[in-house]
Amino acid sequence: MSELPKSLEEAIAQSRIATQAALVDGYNRLQVDFLFPELKIMPVAAQFLPVFAEYDSRLKVFFPDAGAAALAKRDWSDTPFKIVDIGTGRAASLQSKIQPEDEIFLFISPTAVEVPQVEKLCENIGDRPFVMLNPRLEDSGVVGIGYTARQTRQRFISTIESCYYLRPVDDTTAVFRCYPGLWEVWVETNGEYEKVAELPKRPTGDELDLIMGQPQTAADGTPAKKPSVLKGLQRFFKALSS
């Protein structure tokens, strides 16, 4: 049974174990989330990559755009795997990015803007496994998306198993999942985090409110402001490390 990590490095190590376990159990569409503000994804990705060590050049790593892919090629110039960008969306161009010798795929921080291209790429990937590291596929701020497109997007997202998830919700609450465990809600009290709930699916905002009790309100009846997530993250690791 996994406990809450005491540092980001420990969380990444946990995520590698969870990803390997899910791959062994036959899951081939996986997602790993570290939902921290201002997180620099490249150092996280560098620590996560050892999970694919056995694949060597049979791993293909996708970045959202050509600029990010170029920076990765510069910074990871001595690595055996292939680095490419997701692309512009032209079917022929996307199809050429998936080769028969590719055995496993890593998508690093794709966003809602790239969802159509990611879906096409995953169609070409077929039954081969892929992992999405810190994707942002459900961004409600993307404009011009109709109901049908949203439904299609949600169907695609629902096929991906979340094997690792760590999110400080506010100053005292964190949502955690480490495969094969259940979804967990942890609460900090007097400097220590305690697990208060286990659920089969990721809790919604309303479910979190029910677990934690009704949201507090200010004296004038307006909802009380939650502490900043950044402050919550700092308290989170401080409490876990104490």
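Me: Where is Asp56?
Reply: Asp56 sits in the loop between H2 and strand E2 (59-63). Helices (H or I, at least four residues) and strands (E, at least two) are DSSP runs, numbered from the N terminus.

Me: Predicted model, right? What counts?
Reply: This is a predicted model: local features need pLDDT of at least 70, side-chain atom pairs count only at pLDDT 80 or more, and totals for chains, interfaces and linings use all residues. Numbering runs from 1 along each chain as its sequence is written, and side-chain values use heavy atoms, without hydrogens or water.

Me: What's the phi of Asp56?
Reply: Near 55 degrees. That is a positive value, and Asp56 is not a glycine.

Me: Is Asp56 buried or exposed?
Reply: Partly exposed, because its relative accessibility is 40% (buried is under 20%, exposed over 50%, partly exposed in between; 1.4 Å probe, protein chains only).

Me: OK, Glu38. What's its phi?
Reply: About 60 degrees, so positive, although Glu38 is not a glycine.

Me: Where is Glu38?
Reply: In the loop between E1 and helix H2 (41-48).

Me: Buried or exposed, Glu38?
Reply: Exposed, because its relative accessibility is 68%.

Me: New topic. Tyr179 to Pro180: is that peptide bond cis or trans?
Reply: It is cis, with omega near 5 degrees.

Me: And where does Pro180 lie?
Reply: Pro180 is in the loop between E7 and strand E8 (183-189).

Me: Last one, Met212. Which helix?
Reply: Helix H7, residues 205-212.

Me: Why does Met212 count as partly exposed?
Reply: Because the relative accessible area of Met212 is 36%.
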